[in-house]
Amino acid sequence: MKLSLKGVRRAVIVAPHPDDEIIGAACLIHALRRRGSDVTVIVVSDGAASHPNSPTWPADRLTSARARESLRALLRLGITRDAVTFLRLPDGGLSVRRDGCRKTLHRALRRHRAMDLLVGPAGSDAHPDHRAVATALRQFRFGGRRLTYQ
């Protein structure tokens, strides 16, 4: 399948965790930026569950490091800090707090009403946080194109 980016002026990439925007959509972000499209990234969770109970990586250090890594990688793709929103919801708990996740994400998305393309994880993804974000995105009223990644 070939995706046409023609007419995409503003895209929003939604990542359940810091790094999902790079793993799942880096090539798309690069292609959009080369076309001159504005790209905004919303990172839903804080990323703290990747090293639970680690004495070397306590939650506050880990969330800061993961946000810095995402920002550094996005900057290489031409996405500046002001185009990235970190919602900092609890990593590993998005499916448990599904309604809160949906409300917080929808509130953030409403700030980007002029978007032409909304990108997020597939509903069939194995990770429960990814599925919770995919469900929230499906429930968002949006008149443009949607794209999922895994």
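Start by selecting residues 38–45 and 84–89: these are strand 2 and strand 3, which pair in the parallel sense over four bridges. You are looking at a predicted model, so keep that in mind at each stop. Within this pair, pick isoleucine 42 and look across to strand 3, where its bridge partner is threonine 85. Now follow the chain out of strand 2: the path goes through helix 2, residues 59–76, before arriving at strand 3, and this β-α-β crossover is right-handed.

Next, bring the whole sheet into view. In what order do the five strands lie? The order is 3-2-1-4-5, in an open sheet with parallel pairing. Its edges are strand 3 and strand 5, the latter at 145–149, and each of these pairs on one side only. Turn the sheet to look along it and you can follow a twist that averages 15° from one strand to the next.

With the sheet still displayed, add helix 2 again. Helix 2 packs on the sheet, where it touches strand 2 and strand 3. Its direction makes about 155° with that of strand 3.

Now move to strand 1, residues 10–15, and strand 4, residues 117–121. These two run parallel and are joined by three bridges. A good pair to label here is alanine 11 and leucine 117, which stand opposite each other, the leucine being in strand 4.

From there, select residues 128–138 to show helix 4. Which strands does helix 4 lie across? The list is strand 1, strand 2, strand 4 and strand 5, and helix 4 runs at about 155° to strand 4.

Helix 3 is the next stop: select residues 98–110 and find histidine 106 within them. Is histidine 106 buried or exposed? It is buried, because its relative accessible area of 6% falls under the 20% cut-off. Show its surroundings, and beyond residues up to four places away in sequence you will find that histidine 106 touches Ala136, Gln139 and Phe140.

Finish with two cysteines. Cysteine 101 is buried, with a relative accessible area of 2%, whereas cysteine 27 is exposed, at 68%. How many disulfides does a search of the whole structure find? The answer is zero, so no pair of cysteine sulfur atoms in the model lies within 2.5 Å.

Definitions and conventions
Residues are numbered from 1 along each chain as its sequence is written. This is a predicted model: local features need pLDDT of at least 70, side-chain atom pairs count only at pLDDT 80 or more; totals for chains, interfaces and linings use all residues. Side-chain values use heavy atoms; hydrogens and water are left out. Buried means under 20% relative accessible area, exposed over 50%, partly exposed in between (1.4 Å probe, protein chains only). Two strands pair if DSSP finds at least two bridges between them. A crossover is right-handed if, with the strands pointing away from the viewer, the path from the first strand over the helix to the second runs clockwise. Contact means heavy atoms within 4.5 Å. Axes are lines fitted to C-alpha atoms, for helices over the stretch in contact, and angles run from 0 to 180 degrees between N-to-C directions.
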